[in-house]
Amino acid sequence: MWGLQRFAGRISTQLYRHAAYSSNARTAASASLAPTGGQEQEQGAETRSNTPAPDNDRKPKGQMVAAAFESLRNEKNDKASPAAVAASNNIDERIVKAKTVNGLLGITENNSGFSRKHALRIVSILAEWSTVNRVKISEFENDTRFLRICRMLGRTVPKNGSGNKAAAGDGTGNGSKRISGFRTDDLNTVLGVAGDDEAAKLIASISLPQMVKVMSTLAQRKRRSTPLLRSLAFNISSSSEQLDLKQSADVLYAMSTLNFQDSVLGAKVCADVQTALPKNLDKSAVVGSILTSLGILRYRDLDILESLTQWLLKNSEICRPQDLSAYFLTSALLNFKSSQIEEVSKSLVKSIVRDDFTKQSDWLNYIWSLTMLGIVDHSQLESVLNEEFLQKLEKDKSGLTPTSKMRLLNLNSYAHLLTKDYKGGLLPADSPVYNVPMAHTKSKQILVNGMLDALKSLLPASNYVQSSVDSKMGFLIDALCQFDANRNPLPLDKENAQAIRVALMVVDFHDICHGAHRSASGITNLAFDLLEKSGYHVIPVPYNEFNTSDKLLKRVQYLEAKFKAIVSSK
């Protein structure tokens with residue numbers, strides 16, 4: 001009935017440009033999703049079309065529950081007197097010292113200081129005891145003191161007060177579950193009356209729809225409670241009941257809003273989306289929301305992405321432009337090219353026109369995503385690489401942001417280096433777009449510094465290496481150096497036409513996509529393609545191969561082997 005939740009993590013393997021990497025190097029699920037070179041990877045609020053909102057206007061059913069919530073609000077606003085605080089602390093001590101069911105429930109008798117917080121702590125302890133078979137629920141489920149606690153917490157109590165009769169009513173044993181199940185719709189009892197650890201223990205006693213609602217409420221309140229989220233992830237993932245499409249979208253929305261990565265929950269949600277998707281015949285908004293959340297989470301599951309592609313192709317006539325735009329942007333971020341990319345280019349791309357976007361930045365993001373997928377045409381590139389568009393972009397409410405500048409530089413470099421026979425305009429050398437601040441996240445800079453320390457042991461002087469170089473292509477180059485054919489380092493301040501130019505790029509947790517099919521992100525791949533086209537040999541330095549906690553000698557040997565491999569292949 002009440003399960004003591006244990007969070008289980010899953011260690012999986014990842015692929016990065018056909019090279020295998022172990023994923024157990026560092027857990028960074030709570031970190032922000034920052035891309036290569038400090039470029040923000042954002043999706044506009046307009047693409048989010050299925051934002052879940054808790055039913056704040058719905059009233060709790062029954063006068064008893066309504067009164068409980070009203071008193072809960074009052075408790076939050078009233079400052080307790082010193083005497084009340086002392087009485088509350090005394091009850092807390094008695095709860096901690098209680099060793100039996102009777103000892104716990106006896107605290108509720110003739111005790112004016114007994115509050116909802118204490119009630120929830122007692123229920124949590126009883127839940128834990130029943131989980132480890134220390135007590136049986138039948139020992140206290142009909143105890144009037146326990147029923148009083150249930151009423152305080154807004155829980156359902158059978159009208160006849162008999163848990164056994166209720167359980168026998170349907171012959172399934174679900175009657176006792178009704179005693180423990182929350183009745184309140186908005187579940188403020190879980191979210192507001194006690195500490196996160198106590199609330200997390202009660203998650204197993206609520207239904208799957210209520211779990212989804214708790215997650216949505218946490219997202220709406222921007223409350224990133226790790227114990228609650230882990231408990232919710234475990235119980236939702238363990239449920240044999242399937243999520244419908246709206247519930248799946250709400251869970252993914254909450255995960256993306258709270259930046260909560262969980263591979264098991266992600267797999268459960270994606271599997272349920274694939275089951276429910278064919279039944280959706282008229283709602284493109286929920287599909288757009290799912291796509292947006294997957295992009296924000298950097299969650300890469302090729303099966304669900306192919307299913308979503310097929311749905312969009314089949315239902316393109318009812319799809320809104322913002323939902324199609326969300327598809328292209330997420331595909332670009334996740335480095336995903338559908339097996340039906342030609343049909344996508346012919347059908348979905350042609351259905352979007354510039355007038356579909358009210359903001360110039362949205363049109364820029366759309367063109368940028370098509371470029372990442374390799375399906376942009378010359379006229380689309382030229383539509384953003386001109387002075388008139390820049391002036392319009394500056395008039396947007398957000399103006400010419402650093403993200404917009406970096407994406408324009410990506411497009412400018414792509415048009416110049418990777419687009420065959422492009423004869424359209426490019427950004428002038430004195431364009432303000434080139435003036436963009438770029439910096440790594442703190443965690444990535446630590447990796448870069450560790451790499452530079454190792455390079456100092458390989459290179460004879462400071463003029464043999466450059467670090468944090470502005471590529472003028474919308475990203476930073478972590479380190480540059482060059483060698484001759486015999487693997488001897490050469491100074492960078494002297495021109496040498498025969499030099500082998502090398503660009504070292506640190507790949508941290510935020511530069512890859514996670515989920516069922518790990519790989520480098522679309523932005524990371526684009527940066528490597530542009531560098532290679534510029535004449536550099538790119539050496540990726542992934543976070544799970546190169547660790548700053550390793551001894552300096554090991555890091556030096558790692559880089560030396562990489563240099564040797566490049567020179568040998570020349």
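1. In this predicted model, L334 is buried, because its relative accessible area is 0%, and buried means under 20%. L334 is placed in the loop that joins helix 16 (321-333) to helix 17 (341-347).

2. The surroundings of L334 deserve attention. When neighbours within four places in sequence are left aside, L334 is in contact with L294, R298, Y299, R300, L305, C513 and S519. For one of these contacts, R298, the C-alpha to C-alpha distance to L334 is 6.2 Å, although the two residues stand 36 residues apart in sequence.

3. Helix 16, which ends just before this loop, also packs against helix 18 (residues 360-373), and the two axes come within 8 Å and cross at roughly 45 degrees. Helix 16 and helix 18 are therefore oblique to each other, since an angle between 35 and 65 degrees falls outside the parallel and perpendicular ranges. The crossing of helix 16 and helix 18 is left-handed.

4. On the side of helix 16, the contact is made by S325, F328, L329, S331, A332 and L333. Helix 18 contributes N365, Y366, W368, S369, L370, M372 and L373. Sorted by class, the contact of helix 16 with helix 18 has nine nonpolar and four polar residues, with no charged residues.

5. The next points concern charged pairs. Side chains of opposite charge can pair when their charged atoms come close. The count for the model comes to 10 salt bridges. One of them joins R145 to E109, with the closest N and O atoms 3.8 Å apart. This pair links distant parts of the chain, 36 residues apart: R145 belongs to helix 5 (residues 144-152), and E109 to the loop between helix 3 (101-106) and helix 4 (116-131).

6. The two partners of that pair should be described separately as regards accessibility. R145 is buried, because its relative accessible area is 15%. E109 counts as partly exposed because its relative accessibility is 45%.

7. R145 has a further partner in D143, and their side chains meet in a salt bridge with an N to O distance of 2.9 Å. E109, D143 and R145 are thus linked in a network of salt bridges.

8. Another salt bridge is formed by the side chains of D282 and K283, at 4.0 Å from N to O. D282 counts as exposed because its relative accessibility is 56%, and exposed means over 50%.

Conventions:
Residues are numbered from 1 along each chain as its sequence is written. This is a predicted model: local features need pLDDT of at least 70, side-chain atom pairs count only at pLDDT 80 or more; totals for chains, interfaces and linings use all residues. Side-chain values use heavy atoms; hydrogens and water are left out. Helices (H or I, at least four residues) and strands (E, at least two) are DSSP runs, numbered from the N terminus. Buried means under 20% relative accessible area, exposed over 50%, partly exposed in between (1.4 Å probe, protein chains only). Contact means heavy atoms within 4.5 Å. Axes are lines fitted to C-alpha atoms, for helices over the stretch in contact, and angles run from 0 to 180 degrees between N-to-C directions. Angles under 35 degrees count as roughly parallel, over 145 as roughly antiparallel, 65 to 115 as roughly perpendicular and the rest as oblique. A crossing is left-handed if the near helix is turned anticlockwise from the far one by less than a right angle, and right-handed if clockwise. Ala, Val, Leu, Ile, Met, Phe, Trp, Tyr, Cys and Pro count as nonpolar, Asp, Glu, Lys and Arg as charged, and the others, Gly among them, as polar.
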